[in-house]
Amino acid sequence: MIRPYRPADLPVLKHITAVCFPGVSIDHNIEQRFGLIGGRDWQFRKLRHIDDDVAGERASGVFVWEEDGEVVGYITTRIDHESKIGGIPNLAVLPHCQGQGMGRQLIEHGLAHLRAAGMECAKIETLAQNPIGAHLYPSLGFEEVARQIHYCTRL
């Protein structure tokens with residue numbers, strides 16, 4: 001069942017993120033190549049994104065999937081009233097629940113939220129190394145519009 005985010009969900013969202021994003025996170029890629037940066041691991045950097053996603057009014061665009069009283073997935077959205085382009089910064093479902101349509105339903109719910117907020121377009125990003133996103137997003141009507149390459153160097 002999809003329900004609105006509650007502040008008490010934050011630790012669980014961070015746990016789900018830590019479990020689901022190895023191998024499909026730029027921050028993880030940086031750590032794989034360069035090791036720890038600033039004495040912090042990739043999870044420290046990635047989990048800060050979740051803090052941003054739930055900050056202030058943004059929290060109203062965050063939804064969780066609750067199964068038998070346990071949060072097992074989530075989606076975060078961003079609204080830009082000026083550009084009319086909404087975004088989905090983060091989406092994750094625990095591995096043992098993947099393949100059951102939860103991610104698809106979370107995206108559909110997020111898109112409905114963006115439509116209701118007056119957005120005319122929605123964007124989502126994935127890494128080329130994420131086969132789930134590469135299949136799921138086009139199946140929901142998303143079209144590839146660009147590819148971006150991230151570079152990093154030690155200073």
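Me: Let's start with charge. How many positive and how many negative side chains does the protein chain have, and how far apart are the centres of the two sets?

Reply: Count each set, then compare where their centres fall. The protein chain carries 16 positive and 19 negative side chains, and 5 Å separates the centres of the two sets. Keep in mind that this is a predicted model.

Me: Next, the fold. What order do the elements of the protein chain run in from the N terminus?

Reply: Take the tally, then the order. There are five helices and five strands, and from the N terminus they read β-α-α-α-β-β-β-α-β-α.

Me: How does the radius of gyration of the protein chain sit against that of a compact globule?

Reply: Set the value beside what the chain length predicts. For 155 residues a compact globule would come out near 15 Å, and the protein chain has 16 Å, which agrees. As for extents, the C-alpha trace spans about 45 × 35 × 30 Å along its principal axes.

Me: What share of the residues is buried, and what does the chain expose?

Reply: Buried residues are 39% of the 155. On the outside, the protein chain exposes about 9,400 Å², with carbon and sulfur atoms supplying 52% of that. For contacts, look at sequence separation: among those with a separation of 6 or more, 65% are between residues 24 or more positions apart.

Me: Now one helix at a time. How far does helix 3 reach from its first C-alpha to its last?

Reply: Compare the span with the one expected at 1.5 Å a residue. Helix 3, residues 42-53, has twelve residues and reaches 17 Å, close to the expected 16 Å.

Me: Which residues of helix 3 are buried, and what do they pack against?

Reply: The buried ones are Trp42, Arg45, Lys46, Leu47, Ile50 and Asp53. They pack against helix 1 (10-20), helix 2 (26-34), strand 2, strand 3 and strand 4.

Me: Asp53 is in that list. Why does aspartate 53 count as buried?

Reply: Check its relative accessibility against the cut-off: buried means under 20%. Aspartate 53 is at 2%, so it counts as buried. Leaving aside neighbours within four places in sequence, aspartate 53 is in contact with Arg58, Ala59, Val62, Thr76, Arg78, Pro89 and Asn90.

Me: And helix 4: which of its residues are buried?

Reply: Length before burial. Helix 4 covers residues 102-116, and its 15 residues reach 21 Å, close to the 21 Å expected. Buried in it are Met102, Gly103, Leu106, Ile107, Gly110, Leu111 and Leu114. Their cover includes strand 1 (2-4), strand 2, strand 3, strand 4, strand 5 (121-124) and helix 5 (131-139).

Me: What phi does glycine 118 take just after helix 4?

Reply: A positive one, about 90 degrees. With a positive phi, ask whether the residue is a glycine. Two cases here are not: aspartate 68, with phi near 50 degrees, and lysine 84, with phi near 65 degrees.

Me: Where do aspartate 68 and lysine 84 lie?

Reply: Both are in loops. Aspartate 68 is between strand 2 (62-67) and strand 3 (70-78), while lysine 84 is between strand 3 and strand 4 (85-93).

Me: Is aspartate 68 buried or exposed, and what about lysine 84?

Reply: Exposed means over 50% relative accessible area, and partly exposed runs from there down to 20%. Aspartate 68, at 79%, is therefore exposed. Lysine 84 has 30%, so it is partly exposed.

Definitions and conventions
Residues numbered from 1 in each chain as written. Predicted model: local features only at pLDDT ≥ 70, side-chain atom pairs only at ≥ 80, totals over all residues. Heavy atoms only, no water. Helix = DSSP H or I, 4+ residues; strand = E, 2+ residues; numbered from the N terminus. Buried < 20%, exposed > 50% of the residue type's maximum accessible area, 1.4 Å probe, protein only. Rg over C-alpha atoms; globule rule 2.2 N^0.38 Å. Contact = heavy atoms within 4.5 Å. Areas by Shrake-Rupley, 256 points an atom, 1.4 Å probe, with all protein chains shown as cover. Lys, Arg positive; Asp, Glu negative; His and termini not counted. Charge placed at Lys NZ, Arg CZ, Asp CG, Glu CD. Expected span 1.5 Å × (residues − 1).
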